[in-house]
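Subject: Handing over the model

Hi,

Here is the structure I promised to pass on to you. Have a look at it first, and then read my notes below.

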Amino acid sequence: MEIEYSDKGYIYKLKGNVFLKTDNYEIYSNKGIYYEGDGVSELEGNVIVKGKDYITNANYLKHIQKNDEIYLRGNVYLEDSLRIIKANEVHVKNNFSRAKNNVYIYLKDKKIVCEGDSGNYDLNKKEGVIFNVKYINIIRDSDTVDIKTKIVFVSKENLKLKPLISLKTKKEFAKGDSLIYETLKDSTEKITIYNNAFISWENGNGSSETIIIYYKNSRIENAQFINNANVQTKNNEDIISVKSNLVNVEFFDSKVKKVICNDLIEGVSEKWK
């Protein structure tokens with residue numbers, strides 16, 4: 001260790017197996033420098049930060065004691081009980097983090113993977129946003145939901161996406177102006193699509209101002225079409241086409257089981273002829 005003195009205080013230079021410890025975390029690196037007068041630490045080379053419930057890796061770290069700020073740069077990796085974050089740069093202050101350049105996020109509880117240009121996350125509110133999204137995947141046991149959008153808003157309760165460019169599963173395709181994704185208590189997935197909402201499935205499709213879709217065990221169970229609903233589907237040899245303000249489509253094994261509509265405006269069925 002080398003020690004220098006400046007007008008602001010001592011400067012400590014550390015090389016090889018650097019170790020720092022505070023009440024909240026431990027830091028390891030190959031080399032570092034500490035400016036005592038400014039209360040600033042800079043560490044380089046295989047930087048590892050171990051907190052009470054998280055771990056972080058990076059090529060470079062700067063810590064400012066006064067504001068408890070941390071700057072991370074180069075192959076940044078952060079993992080806690082809820083998520084994994086990767087990025088080129090991360091800035092953390094007062095439980096609020098900003099990440100930029102090749103941001104990757106994996107939400108463990110929701111099994112959701114997302115990649116974008118930049119994002120931020122408020123640990124206290126458990127809310128965040130990801131900008132210029134490249135892709136977002138919802139990982140299921142037997143399927144993956146592939147979603148294309150621009151902005152993702154993350155909260156403890158749900159995900160909000162805008163605009164919804166497309167949503168694809170093995171058997172369904174959907175699009176609209178925006179989307180909210182929720183996981184209900186019984187592990188049912190609820191997807192709500194707003195404005196210019198559209199979904200297609202095997203042998204059918206439907207559109208309306210709002211569509212609410214329920215999935216159970218990775219399979220579509222129900223789709224509700226609200227306001228200006230227009231639904232067409234083929235069930236066995238029967239072709240059904242209805243227009244109404246409210247249409248409910250029930251599925252079994254991803255195939256249409258029943259079509260129910262209120263306030264029927266127009267309807268056609270081979271069986272009705």
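What follows is a short tour of the core, the salt bridges and a run of paired strands.

One thing to keep in mind is that this is a predicted model.

**The core**

I started with the largest nonpolar core, which has 55 residues. Within that core, Val152, Leu159 and Phe225 touch the most other members. Leu159 is a good one to centre your view on: leaving aside residues up to four places away in sequence, its contacts are Leu107, Ile112, Ile136, Val152, Phe153, Val154, Leu179, Ile180 and Tyr181. Val152 therefore appears twice in these notes, as a core member that touches the most others and as a contact of Leu159, with residues under 20% relative accessible area taken as buried in defining the core.

**Salt bridges**

How many salt bridges are there? The count comes to nine, and three of them are worth showing on screen.

- Glu4 and Lys13 join through their side chains, with N to O at 2.9 Å. Glu4 has a relative accessible area of 35% and is partly exposed; Lys13, at 28%, is partly exposed too.
- Glu79 and Lys108 form a salt bridge at 2.8 Å, N to O. This pair links distant parts of the chain, 29 residues apart: Glu79 sits in strand β6 (residues 69–80), while Lys108 lies in the loop between β8 (96–107) and β9 (112–122). Glu79 is partly exposed at 23% relative accessibility, and Lys108 is partly exposed at 26%.
- Glu189 and Arg140 meet at 3.1 Å, N to O. Here the partners are 49 residues apart, with Glu189 in strand β16 (residues 189–201) and Arg140 in the loop between β11 (135–139) and β12 (144–154).

Are the partners in that last pair buried or exposed? Glu189 counts as buried because its relative accessibility is 8%, and Arg140 is buried as well, at 10%. The pair also belongs to a network of salt bridges that links Arg140, Asp143 and Glu189.

**Paired strands**

Next, please follow the chain through β4, β5 and β6. Strands β4 (residues 40–51) and β5 (residues 54–64) pair in the antiparallel sense over nine bridges, forming a hairpin with two residues between them. In this pairing, Glu42 stands opposite Lys62 in β5.

β5 also pairs with β6 in the antiparallel sense, over nine bridges, and there Leu61 stands opposite Leu72 in β6. The hairpin of β5 and β6 has four residues between the strands, and Asp68 takes a positive phi near 50 degrees in it.

Happy browsing, and do write back with any thoughts.

Best wishes

Definitions and conventions:
Residues are numbered from 1 along each chain as its sequence is written. This is a predicted model: local features need pLDDT of at least 70, side-chain atom pairs count only at pLDDT 80 or more; totals for chains, interfaces and linings use all residues. Side-chain values use heavy atoms; hydrogens and water are left out. A nonpolar core is a set of buried Ala, Val, Leu, Ile, Met, Phe, Trp, Tyr and Cys residues joined through side-chain atoms within 4.5 Å. Buried means under 20% relative accessible area, exposed over 50%, partly exposed in between (1.4 Å probe, protein chains only). Contact means heavy atoms within 4.5 Å. A salt bridge is a side-chain nitrogen of Lys or Arg within 4 Å of a carboxyl oxygen of Asp or Glu. Two strands pair if DSSP finds at least two bridges between them.
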